[in-house]
Amino acid sequence: MAKMVKPAPKDTHTAAEVSFSAFLDPKREWRRLFAEGWGTFLLVLAGAGATVVAAKTGGKVTPAMAALAPGLTVMAVIYFMGTVSGAHINPAVTLAFAVRRNFPWVRVPGYLAAQIVGALLAALFLRAMFGTAGDVGATVPAAGIGAVQCCILEGVVTAGLVNTILGTAAGGRNIGPNAAIAIGGYIVVSGLWAGPITGASMNPARSLAPDIVRGDFATSWIYVVGPLAGAMLGVGFEWILKGPPTSEGTRAAQGDDGPAADNDR
């Protein structure tokens, strides 16, 4: 009589649950923090560096080039490290993911610290290389633009950025490689039309770092309040557009492609 073989118990854990469990493993946190710091360094190096080099070379970096630089950099960063940390590289984005319930609050302080350190190192690098040219790439309101007006504009363009990030992370049509293209493209477009007015920072770390290095905080509040308020507005719009948070959005925010991606970590 043939021996009965008892079937193995079926794994009831979803890919999202396994992914989230892996994300909480503290042994992997150093990679995520390094990725956030390095990615933010590259973003600020491109964004602030475009202003610095334009001042140093007498305008050889045009406003259009300055708008392209951070957008293309963000696109590249998402491609090469998005699966490691989620490629937030922006405190407003990290907070938006947390408020959206796609990202655990316990990880927020580490991400914010890594982003600020990365941005500060980029500003210090530019200061060491080129001195105070271009005010170390500081973002300031254009002449004739009031502080409140600038703050509102930064908030609006940041809301659009956060909506783009959350929307492309939530599944459906725009996911995977399309997310990097959409996000990078949005940053370029915002830089082209809003850059001459506000600098189109949309990122508190990108603006605070040059202000710290040059020791001028007169307009720093604009680039903290505006983007953070805009990020919350973007989260609210995402609830209207997509409803509750999705498992795809959680995996995108955590930067984990799932169990298969974890085998060598």
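A disulfide is a covalent bond between the sulfur atoms of two cysteines, and for the purpose of a search it is taken to be a pair of cysteine sulfur atoms within 2.5 Å. The structure discussed here is a predicted model, and a search of the whole of it finds zero disulfides.

**Cysteines**

Why does Cys 150 form no bond with Cys 151? The sulfur of Cys 150 has its closest cysteine sulfur in Cys 151, and because the distance is 7.4 Å, the two are too far apart for a bond. Cys 150 is buried, with a relative accessible area of 0%, and Cys 151 is also buried, with a relative accessible area of 11%.

**Salt bridges**

Although disulfides are absent, the search of the whole structure finds five salt bridges. Three of them are set out in the table, each with the distance between the closest N and O atoms.

| Salt bridge | Closest N and O atoms |
|---|---|
| Glu 29 and Arg 107 | 3.4 Å |
| Asp 216 and Arg 214 | 3.6 Å |
| Lys 242 and Glu 238 | 3.9 Å |

The salt bridge between Glu 29 and Arg 107 links distant parts of the chain, since Glu 29 belongs to helix 2 while Arg 107 is found in the loop between helix 4 (91-99) and helix 5, 78 residues apart. Both of these residues are buried, and together with Arg 32 they are linked in a network of salt bridges.

For the pair of Asp 216 and Arg 214, the setting is another one: Asp 216 is partly exposed, with a relative accessible area of 31%, and Arg 214 counts as partly exposed at 24% relative accessibility.

Lys 242 and Glu 238 both lie in helix 9 (residues 222-242), where they are four residues apart, about one turn of the helix. An α-helix has 3.6 residues a turn, so residues three or four places apart point the same way. In this pair Lys 242 counts as partly exposed at 42% relative accessibility, whereas Glu 238, at 2% relative accessibility, counts as buried.

**Aromatic rings**

A pair of aromatic rings is described by the distance of the centres and the angle of the planes. In this model the count comes to three aromatic pairs. One of them joins Trp 38 and Phe 41, whose ring centres are 5.6 Å apart and whose planes meet at 15°, and because planes under 30 degrees apart count as stacked, this pair is stacked. Trp 38 and Phe 41 both lie in helix 2 (residues 29-56), three residues apart, which is about one turn of the helix. Is each ring's residue buried or partly exposed? Trp 38 counts as partly exposed, at 38% relative accessibility, while Phe 41 counts as buried, at 16%. Ring pairs also bring in Phe 125, so that Trp 38, Phe 41 and Phe 125 are linked into a cluster.

A ring can also be paired with a charge, and here the charged end of Arg 100 sits over the ring of Trp 239, 5.1 Å from its centre.

**Helix 5**

Helix 5 (residues 108-130) has 23 residues, and from its first C-alpha to its last it reaches 33 Å, close to the 33 Å expected at 1.5 Å a residue. Which residues of helix 5 are buried? Among them are Val 108, Tyr 111, Ala 114, Gln 115, Gly 118 and Leu 126. Just after helix 5 comes Gly 131, which takes a positive phi of about 70°.

Technical notes. Residues numbered from 1 in each chain as written. Predicted model: local features only at pLDDT ≥ 70, side-chain atom pairs only at ≥ 80, totals over all residues. Heavy atoms only, no water. Helix = DSSP H or I, 4+ residues; strand = E, 2+ residues; numbered from the N terminus. Expected span 1.5 Å × (residues − 1). Buried < 20%, exposed > 50% of the residue type's maximum accessible area, 1.4 Å probe, protein only. Phe/Tyr/Trp six-rings, centres within 6.5 Å; stacked < 30°, edge-to-face > 60°. Lys NZ or Arg CZ within 6 Å of the ring centre and 35° of its normal. Salt bridge = Lys/Arg side-chain N within 4 Å of Asp/Glu carboxyl O.
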